[in-house]
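This report is intended for a reader who meets the structure for the first time. Please keep the sequence and the model at hand while reading.

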Amino acid sequence: APELVLMGREFGDLDDGSLPPTLAGALSWAFSSLVLDVEAAAGGGLQLLRQQGAAQESLRQDLPVLVAVTNHARNRLRHPLLKNVMVARKMGFELLALPDAGAAAAVRLASATVAEALVRTTACHMLAGDPPAQARALAALLLDSGEPA
């Protein structure tokens with residue numbers, strides 16, 4: 001069985017971005033998103049470089065893990081160049097026989113229901129300023145609301 005699965009961050013779900021973390025949850029695997037680089041870590045596991053907002057972070061991750069990858073440091077969607085599309089159409093791939101691993105694991109949807117629209121009970125607040133100012137304003141709102149954070 002594999003211990004590492006690499007997926008595009010919007011693989012197979014019409015750019016929704018929900019399939020990689022859902023699959024990781026169904027497999028009970030660790031999950032990392034917006035990963036730019038994956039390397040073997042000393043002593044086992046992986047060293048991941050991933051995008052976190054405007055910063056990049058490096059972290060060590062044990063196996064098994066599902067990793068949603070991106071190829072751009074600022075995570076902008078890109079459009080393929082026509083010349084690259086034409087080259088890709090002409091590419092050939094060597095097919096390898098997989099070892100017999102017995103019955104394949106299946107992920108099945110147990111049920112689905114229509115979600116009800118949420119009803120807001122309080123007014124929305126726009127938080128202005130730099131991130132530290134926004135964090136202070138959010139903390140003040142939470143403290144004033146009397147609800148647990």
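## Contacts along the chain

Of the contacts in the protein chain with a separation of 6 or more, 44% are between residues 24 or more positions apart. The model examined here is a predicted one.

## Overall composition

The protein chain contains three helices and five strands. Along the sequence these elements follow the pattern β-α-β-β-β-β-α-α.

Of the 149 residues in the protein chain, 15% are buried. The exposed surface of the protein chain amounts to about 12100 Å², and 59% of this area is supplied by carbon and sulfur atoms.

## The sheet

The five strands are arranged in an open sheet with mixed pairing, in the order S1-S5-S2-S3-S4. Strand S1 (4–8) and strand S4 (55–61) occupy the edges; each has a single partner strand, so one side of each lacks a neighbour in the sheet. On average, neighbouring strands of this sheet are turned by 50° against each other, direction ignored.

Strand S2 covers residues 30–40. Its pairing with strand S3 (residues 46–52) is antiparallel and extends over five bridges. With strand S5 (residues 65–69), S2 runs parallel, and four bridges join the two. Individual residues show how these pairings are made. Val35 has Val69 as its bridge partner in S5, and Val35 also stands opposite Arg50 in S3. Further along, Val38 stands opposite Leu48 in S3.

The hairpin of S2 and S3 has five residues between the strands, and within this hairpin Gly43 takes a positive phi near 85°.

## The nonpolar core and its surroundings

Which residues make up the largest nonpolar core? This core consists of six residues in all, namely Val35, Leu46, Leu48, Leu59, Val65 and Val67. S3 and S5 are the elements that give two or more residues to this core. As a general rule, nonpolar side chains in soluble globular proteins tend to be buried together.

One member of the core, Val67, can be followed through its contacts. Apart from residues up to four places away in sequence, Val67 touches Leu4, Val5, Leu6, Met7, Ser32, Val35, Val38 and Leu48. Two of the residues in that list, Val35 and Leu48, are themselves members of the core.

## Ser32 in strand S2

Is Ser32 buried or exposed? Ser32 has a relative accessibility of 2% and therefore counts as buried, the limit for a buried residue being under 20%. This residue is found in strand S2.

When residues up to four places away in sequence are not counted, Ser32 touches Leu48, Arg50, Leu59, Gln61, Leu66, Val67 and Ala68. Among these residues, Leu48, Leu59 and Val67 belong to the largest nonpolar core.

## Backbone features to note

Two residues other than glycine have a positive phi and deserve attention. For Ser28, phi is near 60°. Ser28 lies in the loop between helix H1 (19–27) and S2, and with a relative accessible area of 66% it is exposed. Leu34, which is not a glycine, has a positive phi of about 55°. Leu34 is found within strand S2 and is partly exposed, with a relative accessible area of 22%.

A further feature concerns the peptide bond from Leu63 to Pro64, which is cis, with omega near 0°. Pro64 is found in the loop between S4 and S5.

## The loop between H2 and H3

Ala128 belongs to the loop between helix H2 (82–90) and helix H3 (131–145). At 61% relative accessibility, this residue counts as exposed. Leaving aside neighbours within four places in sequence, Ala128 is in contact with Ala133 and Gln134.

Technical notes. Residues are numbered from 1 along each chain as its sequence is written. This is a predicted model: local features need pLDDT of at least 70, side-chain atom pairs count only at pLDDT 80 or more; totals for chains, interfaces and linings use all residues. Side-chain values use heavy atoms; hydrogens and water are left out. Buried means under 20% relative accessible area, exposed over 50%, partly exposed in between (1.4 Å probe, protein chains only). Contact means heavy atoms within 4.5 Å. Two strands pair if DSSP finds at least two bridges between them. Axes are lines fitted to C-alpha atoms, for helices over the stretch in contact, and angles run from 0 to 180 degrees between N-to-C directions. A nonpolar core is a set of buried Ala, Val, Leu, Ile, Met, Phe, Trp, Tyr and Cys residues joined through side-chain atoms within 4.5 Å. Accessible areas come from the Shrake-Rupley method with a 1.4 Å probe; for residues, only the protein chains shown count as cover.
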